[in-house]
Amino acid sequence: MVGPNTLFHRRKHSWPPEEFITKTTLQLLDFDSAAPPPHAWRRRLNCHANILKEFTITFREAIKMVRLGIRLWSYVREEASHGRKAPIDPFTKENCKPSASQGVPLGGMGSGSISRGFRGEFKQWQITPGTCDPSPMMSNQFSIFISREGGHKKYASVLAPGQHGSLGKTRDKGISSWGWNLNGQHSTYHALFPRAWTVYDGEPDPELKISCRQISPFIPNNYRDSSLPASVFVYTLVNTGKERAKVSLLFTWANSIGGTSHMSGGHVNEPFVGEDGVSGVLLHHKTGKGNPPVTFAISACETQNVNVTVLPCFGLSEDSSFTAKDMWDKMETDGKFDQENFNSGPSMPSTAGDTICAAVSATAWVEAHGKCTVSFALSWSSPKVKFSKGSTYDRRYTKFYGTSPRAALDLVHDALTHYKRWEEDIEAWQNPILRDDRLPEWYKFTLFNELYFLVAGGTVWIDSASIHANGNSQLQQSDGNASGVDSKDQQNNLENGDSNGIESNGETSFVDKRNGLFVDTSHVDDDVGRFLYLEGVEYVMWNTYDVHFYASYALLMLFPKIELNIQRDFAKAVLSEDGRKVKFLAEGNLGIRKVRGAVPHDLGMHDPWNEMNAYNIHDTSKWKDLNPKFVLQVYRDFAATGDYQFGIDVWPAVRAAMEYMEQFDRDNDDLIENDGFPDQTYDTWTVHGVSAYCGCLWLAALQAAAAMALQIGDKFFAELCKNKFLNAKAALEAKLWNGTYFNYDSGASSNSKSIQTDQLAGQWYTASSGLPPIFEDSKIKSTLQKIYDFNVMKTKGGRMGAVNGMHPDGKVDETCMQSREIWTGVTYAAAATMILSGMEEQGFTTAEGIFTAGWSEEGFGYWFQTPEGWTMDGHYRSLIYMRPLAIWGMQWALSLPKAILDAPKINMMDRVHMSPRSRRFSHNSRVVKHKAKCFGDSSLSCSC
């Protein structure tokens with residue numbers, strides 16, 4: 001663990017604000033949080049946003065994948081014929097090429113998101129679940145109009161650099177007619193998620209210092225405000241001149257949810273005057289394809305010194321009755337709009353092909369050497385979330401604001417009146433880490449900025465109360481041959497010392513028969529709803545479990561109730577079966593969608609919870625990592641939270657998941673074997689026989705299952721797991737340990753002796769959960785040092801992260817696409833494992849490579865869009881990806897929770913009494929018939 005005097009600084013990567021903003025300006029802004037913080041990711045607004053380079057496969061890889069490519073192309077076309085998107089579609093490219101221009105996204109979690117680039121553009125629209133339109137709406141801007149007493153100084157400019165391809169047309173009555181005068185040389189962006197600061201240091205007016213502070217309600221353990229689709233923009237104005245200045249700030253917004261949706265017609269804008277000085281415009285958007293409507297609200301807060309006016313409707317074409325140029329000319333002339341606009345009522349619905357926009361102006365006089373604050377807010381209310389196969393749910397925020405789209409008005413009101421409390425809570429959460437002098441600068445702000453994905457990663461957060469209106473599930477529920485437990489019987493068994501399995505009273509809990517996979521959480525205090533997030537915006541699958549294994553530390557540390565509910569959903573999924581036929585594209589064979597006892601790869605795409613396993617490249621019921629990962633996550637969460645009821649709820653699924661894996665022990669040595677295809681999260685990297693990655697996960701899962709069984713009271717199962725662990729450990733070490741590290745696998749292929757960065761993933765979880773190490777300390781440190789020396793330091797000198805595979809001769813393993821890639825989340829996971837093993841310097845150096853390549857000015861430009869991985873030349877694969885949240889595994893390692901630290905310091909495995917029983921799970925002498933949390937009277941035919 002980290003000692004009190006430990007320093008991890010190698011290359012400083014410290015960007016103090018004084019290097020970007022003059023000290024005088026920082027002093028002038030040093031009030032009301034207007035100055036950017038000491039620790040933040042920073043850029044100048046005139047930085048070039050280079051186009052990002054996507055990976056390509058080699059000729060040899062293409063030959064290997066040609067049959068898969070043909071089947072995948074056919075599948076993509078078939079899905080498109082039904083009006084659906086395939087979860088993986090490498091053939092369709094966006095018109096807007098990705099660039100190094102991202103910034104902190106807007107809003108809380110799960111209600112749709114909009115990102116904002118560091119230069120000010122609003123982009124990356126994800127209002128409809130599973131869709132992402134990266135194109136910016138260039139009419140959505142903040143602008144400023146300044147005049148001084150005497151009238152000899154005037155400035156009018158959009159507050160964003162004007163180097164955009166869509167601008168520059170002459171004699172245009174659209175947005176090209178606006179004043180795109182900002183150079184950006186003296187304007188800077190400072191990001192510390194969930195806030196961002198843009199400071200205009202004498203631009204466009206040399207005598208006016210401007211700070212815009214963007215605030216969104218992402219607040220750990222606040223399950224209310226963190227669900228709100230709203231953001232606040234607080235402008236602080238400091239007049240350094242000798243004359244009083246009239247300053248008008250303008251917020252313009254198009255009635256659009258991205259792409260060409262603004263052209264579809266039927267959209268209506270409506271001015272409003274709310275309480276507490278909050279007024280603005282509602283933009284009612286009529287969505288296509290039967291999707292629920294969306295209402296935006298743009299607003300400002302009127303105060304004694306700030307006057308708010310609105311323009312409810314203007315157009316972008318020459319045929320508009322009031323054009324974008326007319327709007328700009330009005331602001332340049334008057335600095336405000338007509339007061340009677342508030343009485344205009346709803347506009348006429350827009351016609352197809354036309355774009356309607358709205359504007360809110362806030363005008364204030366700033367005295368000579370004086371200061372002023374002006375606040376704007378944006379909200380979007382889309383109360384219903386509808387998936388492509390018809391299931392519709394209420395979003396989480398509707399629990400507090402109702403299901404009317406007009407809730408957008410209340411959302412902006414509360415945002416403008418509550419944002420200071422949000423900031424207090426955010427600072428209370430972040431400051432202990434930011435002020436920790438032991439930690440390197442780059443780590444502090446990257447830790448928080450990687451959380452962008454929980455907003456921009458396509459998250460959906462629904463209210464549990466809306467679940468009962470949906471269903472038609474195809475799932476069958478079963479106990480999967482797992483013994484069931486309820487809390488009453490658990491207590492009886494603990495008191496009676498029963499070690500032969502747990503017998504239930506046979507009662508079943510009733511869940512509405514239409515609810516599919518949903519878990520009954522009526523017994524859970526303060527249920528926080530159901531949560532989905534995508535594997536990535538290019539891999540459109542909800543809660544991809546082999547990746548959540550890495551990312552889940554963020555949710556566990558910040559929103560543990562969400563994390564536990566995700567595990568409950570997967571526990572229920574383990575005990576279910578979906579017999580519908582699916583064609584698996586890698587081999588072209590048929591199988592069933594979901595096999596009982598197998599942990600699903602994901603919760604689905606078009607109908608999550610009800611139609612799982614959207615992934616159909618391989619048959620994941622034969623993957624070797626999913627079930628152990630489930631057991632490991634469940635035990636970690638159980639140990640960290642001390643939630644005994646959670647343990648009771650999921651224990652039958654834990655047993656079923658362990659028992660299911662026994663079929664993969666081909667030689668009865670209690671160690672699972674891989675099957676000669678990519679049967680784990682590295683789904684192009686073939687494994688033969690015993691593998692270091694899956695074998696280590698299996699050993700850790702046996703230990704975790706034994707520890708959990710003891711605490712739940714299933715002593716017989718604990719005994720079985722102990723027996724298996726001891727045998728499997730001996731077998732793995734005999735087959736894979738080479739004296740320095742564990743070989744990739746026990747096969748005879750050219751890469752069987754490769755050094756895999758992820759080979760100790762099971763040890764990572766063991767150490768994270770307070771369990772004893774699965775190998776001797778000397779072997780763990782030797783392996784990690786080998787990974788550090790080869791996979792990290794031989795990869796561009798440690799400046800790119802850890803390559804997945806490295807041959808022992810120091811050459812990159814180019815067996816397949818994934819073996820030669822550097823995976824961001826896996827690098828963070830390896831770093832966390834090093835920290836937990838007392839190798840802090842190596843751990844932070846390893847992780848720093850991801851920062852250098854992805855986030856630094858010398859890197860490739862992947863900030864706020866961290867990809868799954870990149871190649872040695874920096875070409876990305878799958879932007880905006882879930883796994884990099886694994887950086888929170890590093891923070892977990894640095895600050896293990898009290899429940900883990902206070903666990904008994906004895907080896908829990910030593911508490912298991914050994915007996916000469918059979919070590920086969922299938923020989924359990926008493927399989928309990930009852931299924932915990934069975935659906936009972938539901939229409940999902942139970943096969944128990």
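Which strand is largely enclosed by the rest of the structure, and why? I put this question to a predicted model, and the strand I arrived at is strand 11, residues 268–273: five of its six residues are buried, so the rest of the structure largely encloses it.

**Entry: the surroundings of strand 11.** I looked up the pairing of strand 11 and found that it runs antiparallel to strand 12 (residues 278–285), with six bridges between the two. Within this pair I noted that N269 stands opposite L283 of strand 12. Four residues lie between the strands of this hairpin, and I recorded that D276 takes a positive phi near 60 degrees there. Following the chain of partners onward, I found strand 12 paired with strand 13 (residues 294–301), again in the antiparallel sense, over eight bridges; here L283 stands opposite F296 in strand 13.

**Entry: the nine-stranded sheet.** I then traced the sheet as a whole, and wrote down an open sheet of nine strands with antiparallel pairing and the order 1-6-7-8-9-16-13-12-11. Its edges are strand 1 (41–44) and strand 11, each of which pairs on one side only. From one strand to the next, the twist averages 15 degrees.

I looked next for helices against this sheet. Helix 6 (residues 407–434) packs on it, and among the strands it touches I listed strand 9 (230–239), strand 11, strand 12, strand 13 and strand 16 (371–381). The direction of helix 6 makes about 110 degrees with that of strand 16. Helix 7 (residues 441–449) also packs on the sheet, where it touches strand 1 and strand 6, and its direction makes about 75 degrees with that of strand 6.

**Entry: the five-stranded sheet.** In what order do the strands of the open five-stranded sheet come? I read the order as 5-4-10-15-14, with antiparallel pairing. I noted strand 5 (154–158) and strand 14 (306–315) as the edge strands, each pairing on one side only. Neighbouring strands here are turned against each other by 15 degrees on average, direction ignored. Inside this sheet I checked strand 10 (residues 245–254) and strand 15 (residues 356–366), which run antiparallel and are joined by ten bridges; the bridge partner of A254 in strand 15 is C357.

**Entry: the nonpolar core.** Which residues of the largest nonpolar core touch the most other members? The core holds 298 residues, and the ones I noted are F376, L451 and F630. Helix 14 (residues 692–712) contributes the largest share, 18 residues. I followed F376 further and, setting aside neighbours within four places in sequence, found it in contact with residues including F142, F233, Y235, L249, F251, A300, V360 and L416.

**Entry: H606.** Is H606 buried or exposed? I found this residue in the loop between strand 23 (590–594) and helix 12 (626–641). Its relative accessibility is 8%, and because the cut-off for buried is under 20%, H606 counts as buried. Leaving out residues up to four places away in sequence, I listed E79, R84, K85, F387, S388 and K389 as the residues that H606 touches. K85 is 521 residues away from H606 along the chain, yet their C-alpha atoms are separated by 8.7 Å. Looking at side chains, I recorded a polar contact from H606 to the side chain of E79 at 3.2 Å, and another to the side chain of S388 at 2.6 Å.

Technical notes
Residues numbered from 1 in each chain as written. Predicted model: local features only at pLDDT ≥ 70, side-chain atom pairs only at ≥ 80, totals over all residues. Heavy atoms only, no water. Pairing = 2+ DSSP bridges. Axes fitted to C-alpha atoms, helices over the stretch in contact; angles between N-to-C directions. Buried < 20%, exposed > 50% of the residue type's maximum accessible area, 1.4 Å probe, protein only. Core = buried A, V, L, I, M, F, W, Y, C linked by side-chain atoms within 4.5 Å. Contact = heavy atoms within 4.5 Å. Polar contact = N/O pair within 3.5 Å; in protein donor to acceptor, adjacent residues only side chain to side chain.
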